[in-house]
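Subject: Structure for you to look through

Dear colleague,

I am handing over a structure that I would like you to look through at your own pace. Please open it first, and then read the notes that follow it.

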Amino acid sequence: MRAVFENIIHDQSSSIHLYEYNKKDFETPLHFHPEYELVYIIEGKGTRYVGDNVSEFVEGDLVLLAPNVNHCWKNYKHFSGQCRSLVIQWKEGLLGNQVEYEPLKMFLQKSRRGLRFKKPGKLLSQLMDLQKEEGLGRILSLISLLNVLSSEVEVQALSSGFQMGRRTLKNNERLDKLYEFVEHNYQQRISLEQAAAEVHMTKEAFARFFKKHTNKTFFTYLNEFRIARACRMIKESDCSVTQLCFDNGFESLAYFHRMFKQLKAATPLQYKKKLQRSVLK
């Protein structure tokens with residue numbers, strides 16, 4: 001699924017683009033844009049795509065995204081309810097250069113991986129009140145909300161951050177080549193030498209480069225990428241565990257099971273049953 005660029009048209013009289021999505025389905029394809037985005041799911045149940053993360057969402061899901069992170073929400077095909085969400089978008093320049101904003105800016109930097117807030121209930125009234133505000137009042141209310149979110153302890157980083165690194169370092173040809181290389185070759189055996197050769201580096205230099213820009217080893221990222229694809233296959237098809245393993249580049253069922261359980265806290269079959277229970281609810 002290739003992400004498309006979304007050009008958000010801003011009201012010239014407001015620095016914050018806020019709207020309520022209300023349709024039968026979440027129709028927006030996988031996309032990215034240069035604005036920050038805060039999304040609250042009012043109604044809906046399905047699959048959330050953020051960067052290289054594929055996971056489930058339900059009513060009450062609250063996620064903060066930095067600029068240029070690939071994302072979309074897709075409701076389950078058999079979901080019979082309405083799909084509603086509150087979407088708040090703003091440009092990077094909203095916060096000024098005052099020193100008091102620095103802690104908040106550091107928090108926003110973390111949203112490059114997509115941040116999911118596990119218990120947003122207590123923030124609901126503050127979140128919904130933003131719709132009633134206008135002008136400077138809306139900006140102050142958003143800053144207040146972000147300040148509260150920055151102190152939340154139950155926060156989950158969703159993606160590995162690799163795609164975000166690619167977007168924000170778009171002039172870095174090496175990361176662009178590595179992203180394309182993994183996307184087109186993850187089903188095959190990939191050695192460190194092959195990956196390093198793609199960007200004309202030695203193994204040692206490549207290992208340091210990748211760790212510096214993604215905060216993880218190349219093989220950690222590769223495994224996360226492959227497991228994310230396996231999760232998508234579980235959702236979209238009825239394939240066997242063996243097919244999940246070998247279609248996603250793993251050469252051993254035992255290793256595939258170990259990596260899947262390590263990253264998803266469940267076996268592939270347990271993950272599939274959990275999805276089925278969610279669809280039936």
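I begin with one pair of residues, glutamate 251 and arginine 189, which are both exposed, a word that stands here for over 50% relative accessible area, whereas buried means under 20% and partly exposed lies in between (1.4 Å probe, protein chains only). The two form a salt bridge in which the closest N and O atoms are 2.7 Å apart, where a salt bridge is a side-chain nitrogen of Lys or Arg within 4 Å of a carboxyl oxygen of Asp or Glu. Glutamate 251 lies in the loop between α9 (241–247) and α10, and arginine 189 in the loop between α5 (173–185) and α6 (192–198), so the pair ties together parts that are 62 residues apart in sequence. The helices (H or I, at least four residues) and strands (E, at least two) named in this email are DSSP runs, numbered from the N terminus.

Before you go further, please keep in mind that this is a predicted model, in which local features need pLDDT of at least 70 and side-chain atom pairs count only at pLDDT 80 or more, while totals for chains, interfaces and linings use all residues. Residues are numbered from 1 along each chain as its sequence is written, and side-chain values use heavy atoms, with hydrogens and water left out.

By the rule given above, the count comes to eleven salt bridges. One of them joins lysine 119 and glutamate 154, at 3.3 Å from N to O; lysine 119 sits in the loop between β10 and α2 (124–129) and glutamate 154 in the loop between α3 (135–150) and β11, so that this pair links distant parts of the chain, 35 residues apart. Lysine 119 counts as exposed at 53% relative accessibility, while glutamate 154 is partly exposed at 35%. Another salt bridge joins glutamate 27 to lysine 23, with 3.2 Å between the closest N and O atoms, and Glu20, Glu43 and Arg84 are linked in a network of such bridges.

Turning to the interior, the largest nonpolar core (a set of buried Ala, Val, Leu, Ile, Met, Phe, Trp, Tyr and Cys residues joined through side-chain atoms within 4.5 Å) has 39 residues, and those with the most contacts inside it are Leu38, Ile88, Trp90 and Leu149. Among the elements that give two or more residues to this core are β2 (16–23), β9 (83–90) and α3, but β4 gives the most, with six residues. The buried residues of α3 include Leu149, Arg138 and Ser141. In α8, 14 of the 19 residues are buried, so this helix is largely enclosed by the rest of the structure.

Lastly, the largest pocket holds about 770 Å³ of space. On a 1 Å grid over the protein atoms alone, a pocket is an open set of points where a 1.4 Å probe fits, with protein on both sides within 12 Å along at least five of seven lines, and lining residues have an atom within 4 Å of a point. This pocket is lined by 37 residues, of which Asn53, Val54, Ser55, Gln156 and Lys264 lie nearest its centre, and β6 gives the most to the lining, with five residues.

With best wishes

Technical notes
Grid points are joined across faces, edges and corners, and a volume is the space filled by probe spheres set on the points.
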